[in-house]
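Hi,

Here is the structure I said I would pass on. Have a look at it, and then read on for my notes on its salt bridges.

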Amino acid sequence: MPAGYLTESGRTVLASLIAEGFQSRPGISKMTGLSKQTVSLAIAELESLGFVEVKTIQQGHTGRAAVIYEVAAGAGWTLGIDMGSTHIRVAASTLTGFLIKESEYVLPDAPNTANALFAERAGSIVKALISEIEPEHGPLRSACVALSRALPEFQNWQGLQESDSHGSDLPDIIRQIGIPSEIPVYAENNVNCAALGELRHGDARGLSNIAFLQIGVGIGAGIITSGVLLRGANGQGGELRKLRPFPIYKGCGDLQDILGAAGLLEKYNSCRGSESGKDASSAEEVFARAQAGSPAAQMAIRDEAEGIAFLATVLVAAASPELLVLGGGIGRNENLLPLVKHGLAEQGIDIALSRGHLGSAATVAGAAALAAEQYLKNLLGVQFSRAITSYEARWSMLHR
């Protein structure tokens with residue numbers, strides 16, 4: 001939808017209602033600096049287009065009743081899709097940033113990277129969600145897919161052919177998901193989405209410079225500086241998996257091989273010696289055995305924490321964040337955080353550290369926020385930034 005779709009006053013009033021919530025016409029006039037007559041014309045425009053509706057009429061002790069307006073329930077919604085290594089997670093949110101519905105579908109046989117076959121499985125989930133949400137909340141306005149890979153550029157991939165995308169399979173992935181062709185569909189790296197999710201709705205609310213370090217099946221970082229997501233050339237910003245190991249791991253592969261879930265399992269299983277029982281089959285099991293007193297598991301987790309502290313040091317040196325959020329199946333473990341803090345302190349690094357507020361939902365929350373950001377940027381022009389920054393803390397709240 002082009003920025004010229006609404007008048008300038010219409011964009012100003014809609015941005016105010018998104019940011020501040022329900023308001024009267026005098027309240028909007030005071031908030032925006034527009035005359036009452038201009039506000040009335042803008043409200044009429046927005047009502048005719050289905051963006052605004054009357055919430056209530058408040059009768060004072062004397063004088064005329066005040067009509068209270070809000071963003072219409074059927075004004076539309078945005079969709080985030082997290083196509084992770086073992087799951088599909090979807091989240092629908094209103095244009096005002098409130099969560100409508102979030103669902104996760106675990107796929108034990110899923111591939112480690114998203115592809116067209118995986119997208120086809122996501123398609124049936126998305127189709128059912130659209131049918132469920134549209135009757136109350138109106139049309140889907142924009143969608144963003146989070147993928148476990150670096151992406152060449154951030155753009156609308158809807159309707160592109162492979163010849164237009166330098167051989168990327170993203171157009172095929174988008175077609176397989178089956179979102180209606182008139183709806184823009186963006187794609188972003190999953191860790192970048194997680195960083196944005198924590199910025200908009202999680203522990204990083206109100207901050208401008210943060211880093212999100214994900215340690216799970218793979219490793220990676222999302223960096224936000226001065227409120228802007230750092231993508232870098234060809235989307236390669238934050239690809240810490242490419243770093244070569246520090247000396248004690250020399251010759252063991254790259255850092256993803258060592259610090260990812262498979263690496264943690266290998267460290268524990270290869271050194272557990274005469275400990276009773278079978279080899280651990282998941283990172284969660286290694287942490288559980290450490291809690292139960294296994295010396296081998298405790299040693300493996302200390303090594304893991306040392307490696308994560310090394311990566312955190314790299315991030316702090318490169319990006320100078322106010323907050324470092326640890327995410328991923330390994331990074332979020334509560335028993336790891338104090339060990340990483342200790343490792344950072346030993347290196348003289350003083351940085352606020354968090355396991356994140358949104359947990360495993362950070363990625364899909366960020367994807368939905370990115371979809372909203374792009375839609376509102378096109379709809380509201382320069383007014384979009386005021387609207388999108390109002391999303392703080394709204395993710396876990398019900399719209400109605």
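To start with, which side chain meets Arg149 in a salt bridge? The partner is Asp169, with N and O 2.8 Å apart. Both residues sit in the loop between strand E7 (140-147) and helix H5 (170-177), and the pair links parts of the chain that are 20 residues apart. Arg149 is partly exposed at 22% relative accessibility, and Asp169 is partly exposed too, at 29%. Bear in mind that this is a predicted model.

A search of the whole structure turns up 11 salt bridges, and a couple of others are worth finding on your screen.

One of them is between the side chains of Glu20 and Arg386, at 3.5 Å from N to O. Glu20 belongs to helix H1 (residues 8-20) and Arg386 to helix H14 (residues 384-388), so this contact ties together parts that lie 366 residues apart in sequence. Glu20 has a relative accessible area of 41%, which makes it partly exposed; Arg386 is also partly exposed, at 24%.

Then there is Arg200 with Glu373, where the closest N and O atoms are 2.8 Å apart. Here helix H6 (residues 190-201) supplies Arg200 and helix H13 (residues 362-380) supplies Glu373, a separation of 173 residues. Are these two buried or exposed? Both Arg200 and Glu373 are buried.

Last, look at Arg89, Glu102 and Glu104: salt bridges with shared partners join them into one network.

Cheers

Methods
Residues numbered from 1 in each chain as written. Predicted model: local features only at pLDDT ≥ 70, side-chain atom pairs only at ≥ 80, totals over all residues. Heavy atoms only, no water. Salt bridge = Lys/Arg side-chain N within 4 Å of Asp/Glu carboxyl O. Helix = DSSP H or I, 4+ residues; strand = E, 2+ residues; numbered from the N terminus. Buried < 20%, exposed > 50% of the residue type's maximum accessible area, 1.4 Å probe, protein only.
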